[in-house]
Amino acid sequence: MSQIAYSSVASWVRPGDPVEPASPAPTGSTYLLVGVGDVADELSRWESDLPPRASTRIHGDRGTVAGLLASALADSVVGIRVWIIADIGAALALRAVALSAGLEDDEIEVVTTATLGTGTVEVFCAHCRTVTSAEVVVDDVVACVGCRRDLLVYHHVSRRSGRFLGFMVDAENPVPSVDIQPVAEASR
């Protein structure tokens, strides 16, 4: 897989060795500790490193956690920090929720539980606007569940949705010309 020099793909999404989860630096006044999957021990460790009553824990499946995070951020005040631990696909989606609520990158910490390609990510089809969920990495090809085109997973992740961009793998190749002959009129 090739990496382009500048990309909207966060450094923690790019392929490489998994990083051992570490406690992010406590720089805020309150914290939302957000986890998806088997991460309860890590959330407890993070919580024990913070002052009492400074944190709220949100833990569960991807869909439930995203809704709870959005609700918690709607009631948040200046100084809140969001710490996320999840697989890459869920982490991208949860980061998008936090960014949509107005948080800046330095107010969000993300730790992933797996490397890219070992969990489901969402790929947005540039042709039919359908979202396909698959275990893929950048430069992989996945069939769109909407239009059935073979999509190249591109070096772009939407900050708004947390989805990779996919476009037809051979979109830049010219369509072969077909010599069309007029159909002769049937004789009577």
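Here is a walk through this structure, from a sheet to its cores and then its cysteines. Keep in mind that this is a predicted model.

Let's start with the sheet. Five strands line up in the order S6-S5-S9-S8-S7, making an open sheet with mixed pairing. What does pairing involve? Strands of a sheet pair through backbone hydrogen bonds, either parallel or antiparallel. At the edges you'll find strand S6 (131-134) and strand S7 (141-143), each of which pairs on one side only. From one strand to the next, the twist averages 40°.

Now zoom in on S9, which takes part in both kinds of pairing. Strand S8 (residues 150-157) pairs with strand S9 (residues 164-168) in the antiparallel sense, over four bridges. You can spot Val-153 with its bridge partner Gly-166 in S9, and Leu-152 standing opposite Phe-167 of S9. S8 and S9 form a hairpin, with six residues between them. Look for Gly-162 in that turn: its phi is positive, about 75°. Strand S5 (residues 121-125), on the other hand, runs parallel to S9, and three bridges join the two. Here Val-123 stands opposite Phe-164 in S9.

Next, look at the inside. In soluble globular proteins, nonpolar side chains tend to be buried together. The largest nonpolar core in this model has 20 residues, and the ones touching the most other members are Leu-32, Val-34, Leu-69, Leu-73, Val-82 and Ile-84. Strand S1 (30-36), helix H2 (62-74), strand S3 (80-86), helix H3 (88-100) and strand S4 (108-112) each chip in at least two residues. Which of them gives the largest share? That's H3, with six residues.

Val-34 is a nice residue to click on. Leaving aside neighbours within four places in sequence, Val-34 is in contact with a list of residues that includes Leu-43, Ile-58, Val-65, Leu-69, Val-82 and Leu-94. Apart from this core lies another one, of 17 residues, with Ala-10, Val-13, Cys-125 and Val-138 among them.

That brings us to the cysteines. How many disulfides does a search of the whole structure find? Zero. For Cys-125, the nearest cysteine sulfur belongs to Cys-147 and is 3.8 Å away. A disulfide needs the two sulfurs within 2.5 Å, so that pair doesn't qualify. Cys-128 is in no disulfide either, with the sulfur of Cys-144 nearest at 3.5 Å. Are these two cysteines buried or partly exposed? Cys-125 counts as buried because its relative accessibility is 0%, while Cys-128 counts as partly exposed because its value is 29%.

Terms used:
Residues numbered from 1 in each chain as written. Predicted model: local features only at pLDDT ≥ 70, side-chain atom pairs only at ≥ 80, totals over all residues. Heavy atoms only, no water. Pairing = 2+ DSSP bridges. Axes fitted to C-alpha atoms, helices over the stretch in contact; angles between N-to-C directions. Core = buried A, V, L, I, M, F, W, Y, C linked by side-chain atoms within 4.5 Å. Buried < 20%, exposed > 50% of the residue type's maximum accessible area, 1.4 Å probe, protein only. Contact = heavy atoms within 4.5 Å.
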